[in-house]
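Work through the exercises below with the sequence and the model at hand. Each task is followed by its solution.

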Amino acid sequence: SMNTPETISVSPESFVGKDTILSQGVNISHGCRIGQACTIGQGAILKNCRIGDNVTIGPYSYLVDFTVASDTILAPFSKNF
């Protein structure tokens, strides 16, 4: 499910699992793999990430070359560097 799909960018080599919600302004690129039943918060940027199932990524997070285990909640503005 995508909220305001015209504001969302998912690169062709990336994969998003079923029942995952992509919020406004999300950018997914560089071969990300996102599991099922995830919520990606508004304005989040993910590059080359591996995201498990049932993960919530807070709004305006910026994650690069990062793996998130299933059933994890990341706070808004999370960064892995």
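**Exercise 1.** How many aromatic pairs does a search of the whole structure find?

*Solution.* The model is a predicted one. Searching the whole structure gives one aromatic pair. Its members are Tyr60 and Phe77, with ring centres 5.6 Å apart and planes at 20°. Planes under 30 degrees apart count as stacked, so this pair is stacked. Next, place the two residues: Tyr60 sits in the loop between β9 (56–57) and β10 (62–64), and Phe77 in the segment after β12 (73–74). The pair therefore ties together parts that are 17 residues apart in sequence.

**Exercise 2.** Classify Tyr60 and Phe77 as buried, partly exposed or exposed.

*Solution.* Exposed requires a relative accessible area over 50%, and buried one under 20%. Tyr60 has 37% and is partly exposed. Phe77 has 55% and is exposed.

**Exercise 3.** Describe the surroundings of Ser29.

*Solution.* Ser29 belongs to strand β4 (residues 27–29). Its relative accessibility is 11%, so Ser29 is buried. Neighbours within four places in sequence are set aside; the contacts of Ser29 are then Ser11, Glu13, Ser14, Leu46, Lys47 and Asn48.

**Exercise 4.** Is the protein chain as compact as a globular protein of its length, or less so?

*Solution.* Start with the elements: the protein chain contains 12 strands and zero helices. Its radius of gyration is 11 Å, close to the 12 Å from the globule rule for 81 residues, so the chain is as compact as a globular protein of that length. Buried residues account for 38% of the 81 residues. Finally, of the contacts between residues at least 6 apart in sequence, 0% join residues at least 24 apart.

Key. Residues are numbered from 1 along each chain as its sequence is written. This is a predicted model: local features need pLDDT of at least 70, side-chain atom pairs count only at pLDDT 80 or more; totals for chains, interfaces and linings use all residues. Side-chain values use heavy atoms; hydrogens and water are left out. Rings of Phe, Tyr and Trp (its six-membered ring) pair if their centres lie within 6.5 Å; planes under 30 degrees apart count as stacked, over 60 as edge-to-face and the rest as tilted. Helices (H or I, at least four residues) and strands (E, at least two) are DSSP runs, numbered from the N terminus. Buried means under 20% relative accessible area, exposed over 50%, partly exposed in between (1.4 Å probe, protein chains only). Contact means heavy atoms within 4.5 Å. The radius of gyration is taken over C-alpha atoms; the globule rule is 2.2 Å times the number of residues to the power 0.38.
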